[in-house]
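Me: I should like a close look at a single part of this protein, taken slowly and in connected prose. Please begin once the sequence and structure are on display.

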Amino acid sequence: MDALTSGTLAGTGSFRCEICGHVITMTAADVLPQCPGCEGASFTRASLFSPTGRFKRVDADTRTADGDAQLDAARDALTEPGRFLIFHDSGSVRTVAVPGSSMRIGRSLSAELRFEDPTVSRRHAVLLVEDDGVRVLDDRSLNGVFVNGERIVSQMLADGDEIVIGRYRLRFADRSAVAASPAATALQAE
């Protein structure tokens with residue numbers, strides 16, 4: 001049983017990153033992945049009774065400055081109205097439009113945005129398009145959903161928000177307000 005708590009093989013349970021505090025839940029004896037919060041590899045067992053309470057992820061450091069610039073460039077290049085998710089995937093930047101009234105995100109084949117990664121749950125998150133914007137919901141994921149560094153259950157998104165799902169960092173871009181502004185200005189002028 002000692003092998004499950006030492007070395008790189010981990011047993012079931014929750015593990016906290018010693019660098020940024022991100023918690024990963026393992027459901028089988030497997031190798032711990034890199035931390036989705038900081039890409040670190042140093043974990044300790046997490047406890048509900050820990051005196052530190054909620055763990056807050058640290059801000060991005062200089063390692064991701066170039067990646068953030070790429071995401072910002074892709075966001076600025078959007079010319080169509082709509083709502084989009086922009087993220088790095090396999091060495092390139094992807095831009096995905098949020099379709100219709102909802103979008104499921106996870107490893108499941110039924111997910112509209114599918115990530116084949118062990119840090120992503122089959123049913124990880126759902127984006128709901130509401131009258132006043134887009135809401136992200138944690139769909140009972142094991143590793144949680146983070147918006148701008150805070151773990152959430154449900155939260156309205158604003159243009160530029162960062163959503164962390166597993167090891168993926170997604171940037172939300174809302175171009176529906178930009179497209180609506182000139183039309184609203186034209187109506188007020190009449």
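The request concerns one sheet, and the reply follows it from its strands to its core and its charged pairs.

Me: Which strands make up the open sheet of six strands, and in what order?

Reply: The model is a predicted one. The protein has 190 residues, of which 38% count as buried, and its secondary structure comprises two helices and 16 strands. Six of the strands form an open sheet in the order E7-E6-E16-E15-E12-E13, paired in antiparallel fashion. The edge positions belong to strand E7 (92-97) and strand E13 (150-152); each has a single partner strand, so one side of each lacks a neighbour in the sheet. From one strand to the next, the twist averages 30°.

At the E7 edge, E6 and E7 run antiparallel and are joined by six bridges. Asp89 stands opposite Ser92 of E7, and Leu85 has Val96 in E7 as its bridge partner. The hairpin of these two strands has two residues between them, and Ser90 there adopts a positive phi near 55°. Towards the other edge, the loop between E12 and E13 contains Asn148. Its phi is also positive, near 50°, in a residue other than glycine. With a relative accessible area of 44%, Asn148 is partly exposed. Arg140, in the loop between E11 and E12, likewise has a positive phi, near 60°. At 63% relative accessibility, Arg140 counts as exposed, the cut-off being over 50%.

The sheet also contributes to the largest nonpolar core, which has 22 residues; Leu85, Ile105, Leu113, Leu127, Ile163 and Leu170 touch the most other members. Among the strands that each supply at least two residues of this core are E6 (83-89), E12 (145-147), E15 (162-165) and E16 (168-174), together with E8 (102-106), E10 (125-130) and E11 (133-138). E16 gives the most, with three residues. In soluble globular proteins, nonpolar side chains tend to be buried together. The surroundings of Leu113 illustrate the core: beyond its neighbours within four places in sequence, Leu113 is in contact with Leu85, Phe87, Arg94, Val96, Met103, Arg104, Ile105, Gly106 and Leu170. Another core, of eight residues, lies apart from this one and includes Phe15, Ile24, Cys35 and Cys38.

Charged pairs also involve the sheet. A search of the whole structure finds twelve salt bridges. One of them joins Asp174 to Arg83, with the closest N and O atoms 3.5 Å apart. Asp174 lies in strand E16 and Arg83 in strand E6, so the pair ties together parts that are 91 residues apart in sequence. Asp174 is buried, at a relative accessible area of 15%. Glu162 and Arg169 meet through their side chains in a further salt bridge, at 3.3 Å from N to O. Of these two, Glu162 counts as buried at 17% relative accessibility, whereas Arg169 is partly exposed at 22%; the cut-off for buried is under 20%.

A third pair is that of Asp159 and Arg175, whose closest N and O atoms are 3.8 Å apart. Asp159 is in the loop between strand E14 (154-157) and E15, and Arg175 is in the loop between E16 and helix H2 (176-189), 16 residues apart. Asp159 counts as partly exposed at 35% relative accessibility, while Arg175 is buried at 13%. Both belong to a network of salt bridges that links them with Arg75.

Terms used:
Residues are numbered from 1 along each chain as its sequence is written. This is a predicted model: local features need pLDDT of at least 70, side-chain atom pairs count only at pLDDT 80 or more; totals for chains, interfaces and linings use all residues. Side-chain values use heavy atoms; hydrogens and water are left out. A nonpolar core is a set of buried Ala, Val, Leu, Ile, Met, Phe, Trp, Tyr and Cys residues joined through side-chain atoms within 4.5 Å. Buried means under 20% relative accessible area, exposed over 50%, partly exposed in between (1.4 Å probe, protein chains only). Helices (H or I, at least four residues) and strands (E, at least two) are DSSP runs, numbered from the N terminus. Contact means heavy atoms within 4.5 Å. Two strands pair if DSSP finds at least two bridges between them. Axes are lines fitted to C-alpha atoms, for helices over the stretch in contact, and angles run from 0 to 180 degrees between N-to-C directions. A salt bridge is a side-chain nitrogen of Lys or Arg within 4 Å of a carboxyl oxygen of Asp or Glu.
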